[in-house]
Amino acid sequence: MLYEGLMQEDSASDGELLERMVSGDREAFAALYRRRQAGVYRFALQMSGSEALAEDVVQEVFLTLVRAGATYDPACGPVTAFLYGIARNHVRRGIGRARRGSADSAPEPLAADQPETDLARRETIASVRAAVLALPVRYREVVVLCELEEMDCREAAEALGCAVGTVKSRLHRARRMLAGRLLPPGATLAVSRAIRPARCVP
Amino acid sequence: MNCGEFEALVGDLARGRGPEESARRAATAHARECAGCSSRLVEERELEGLLGLFASSVAGKAAPPKVEAALLDAFARQYALPSVRRHWLAFPRWAFVGAAAVALVVGAAWFLRPPTGVAPPLVARRPIVAPVAVPEAPAAPVVQRAAQPRLKRPPHRQVAATQFYPLTPVDAGAQIQGGTIVRIGMPRRALASFGLPFDPDDSGGAVEAEVVLDGDTGMARAIRFVGRRQ
């Protein structure tokens, strides 16, 4: 019986779970939470560099879902877009607060239980993390969703409430910025040369 | 394919997503022939590797279990509420603010509506409040106008002054000691509030009233209507 229930929750779509949740089904809420919380948490963590903020964001997102889940309109996009839309607002607010309070503005150090033991690897990760965090928020969002959360451009566009073309152009620009920060100067020079049509071999 | 077209595809090419097989083959062929685009593809792949490394560093991260416990608790509290209240809570806050604003505007419009001539005539009622004893007018200093050139005012159509009606609760038979009497204009409709007769067809005008202000606090204590303001 329990197994059947679990199977039902595994196979149910987000929309179905939300519908059941709104009618008071606790297990449906728990299933939806377990399915989506990690993605929301990582999005907030990679956007802000703060585990505390990421935790708060997850809590706020799902609290909003509990309180206002009935206002979700499937015509406006999938449940994930609804969740990431709320998360995005909270992250932006959190980043704004952190920026105003100088003490919190620096990204937190890597957690002690980080499995990375190789120092060089850890340093590389830290530098990529710093480069991602240095991106303007609208570019950072597309990098986090498309590159780190591996959403396709359509899903990212739904989550961000913008056109697919906008996501593509932001992603392209963001990758250029990251390349400029992370790759050696010689390589960056080659990047700038590469877009000159005059050097093109037809 | 030229470098511009290659540049549009290079991100997808490095990530192994997106372009169709034919476009992929054309881009790869272009990169073999163009040194700049070739190094651009190498850099994109390098960047992809770095981002992949970063993504893997947070791959297993998730919110701690205490968050789930708190949320399930909040869920139980929320759904323990009666469904009607829950429905109200589901409305966004701006909906309540909007509803309040609409109610305010409608209320103000109703209050300030122009008088209509079709209202049934009000029947004169007895005063709804007990009259209050007020010292004779000379005892209270009336607001003096200093020696100003007297403007010729249109003659009042005099109506008999009413008794004073208390505006604040007073003990029966109590007298207001001291104070000031000021004369003000009020809409004629106000007469109805004190149970005094007035003609609804002629309710647009104003009446003059005398208000007794408390000498200590300045609060309006009593009012009487003394005539019609032209």
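## Exercises on salt bridges, burial and the A–B interface

B:Glu210 is buried, its relative accessible area being 11%; buried stands for under 20% relative accessible area, exposed for over 50%, and partly exposed for values in between (1.4 Å probe, protein chains only). The model is predicted, with local features requiring pLDDT of at least 70 and side-chain atom pairs pLDDT 80 or more, while totals for chains, interfaces and linings use all residues. Residues are numbered from 1 along each chain as its sequence is written, chains are lettered from A and ligands numbered from 1 in the order in which they are written, and side-chain values use heavy atoms, without hydrogens or water.

### Exercise 1. A pair between strands

Find the salt-bridge partner of B:Glu210 and state where both residues lie.

Step 1. Apply the criterion: a side-chain nitrogen of Lys or Arg within 4 Å of a carboxyl oxygen of Asp or Glu. B:Arg224 meets it with B:Glu210, the closest N and O atoms being 2.9 Å apart.

Step 2. Place the residues. B:Arg224 belongs to strand β4 (residues 220-229) of chain B and B:Glu210 to strand β3 (residues 206-213) of chain B; they are 14 residues apart, and the pair links distant parts of the chain. Strands here are DSSP runs of E with at least two residues, helices are runs of H or I with at least four, and both are numbered from the N terminus.

### Exercise 2. A pair within one helix

Determine how A:Arg154 and A:Glu158 are placed relative to each other in helix α8 of chain A, and whether they are buried or exposed.

Step 1. The two residues form a salt bridge, with 3.5 Å between the closest N and O atoms.

Step 2. Both lie in helix α8 (residues 153-160) of chain A, and because they are 4 residues apart, about one helical turn separates them. An α-helix has 3.6 residues a turn, so residues three or four places apart point the same way.

Step 3. A:Arg154 is partly exposed at 46% relative accessible area, and A:Glu158 is partly exposed at 33%.

### Exercise 3. The interface of chains A and B

Describe the contact between chain A and chain B, its buried area and its salt bridges.

Step 1. Count residues. Chain A contributes 62 residues and chain B 45, contact meaning heavy atoms within 4.5 Å.

Step 2. Take the area. About 4,600 Å² is buried between the two chains, 65% of it on carbon and sulfur atoms; buried area is the accessible area (1.4 Å probe) that two parts lose on being put together, summed over both.

Step 3. Take one pair across the interface. B:Glu44 forms a salt bridge with A:Arg175, with the closest N and O atoms 2.5 Å apart. B:Glu44 is in helix α3 (residues 35-57) of chain B and A:Arg175 in helix α9 of chain A, so the pair joins two chains. Both B:Glu44 and A:Arg175 are buried. They belong to a network of salt bridges that links A:Glu147, A:Arg175, A:Arg176, B:Glu7, B:Arg40, B:Glu44 and B:Glu48.

Step 4. Count the salt bridges. The interface has 6, and the structure holds 21 over all chains.

Step 5. List the elements on the side of chain A. Those of chain A that give two or more residues to the side touching chain B are α2 (14-22), α3 (26-48), α4 (51-68), α6 (119-134), α7 (137-148), α9 (164-182) and α10 (185-194). The largest share, 11 residues, comes from α3(A).

Step 6. Sort the residues of that side: 37 are nonpolar, 9 polar and 16 charged. Nonpolar covers Ala, Val, Leu, Ile, Met, Phe, Trp, Tyr, Cys and Pro, charged covers Asp, Glu, Lys and Arg, and polar covers the others, Gly among them.

### Exercise 4. Helix α7 of chain A

What surrounds A:Arg140, and which residue with a positive phi follows α7(A)?

Step 1. Chain A has 10 helices and 0 strands. In α7(A), 11 of the 12 residues are buried, so the helix is largely enclosed by the rest of the structure.

Step 2. A:Arg140 sits in this helix. A:Arg140 is buried and has no salt bridge, the nearest side chain of opposite charge being that of A:Glu141, 8.5 Å away.

Step 3. Not counting residues up to four places away in sequence, A:Arg140 touches A:Gln46, A:Met47, A:Ile95, A:Val132, A:Leu133 and A:Leu135. The side chain of A:Arg140 reaches the backbone oxygen of A:Leu135 at 3.1 Å.

Step 4. The residue with positive phi is A:Glu150, near 55 degrees. A:Glu150 lies in the loop between α7 and α8 of chain A and is exposed at 60% relative accessibility. Most residues other than glycine have a negative phi.

Definitions and conventions
Lys, Arg positive; Asp, Glu negative; His and termini not counted. Polar contact = N/O pair within 3.5 Å; in protein donor to acceptor, adjacent residues only side chain to side chain.
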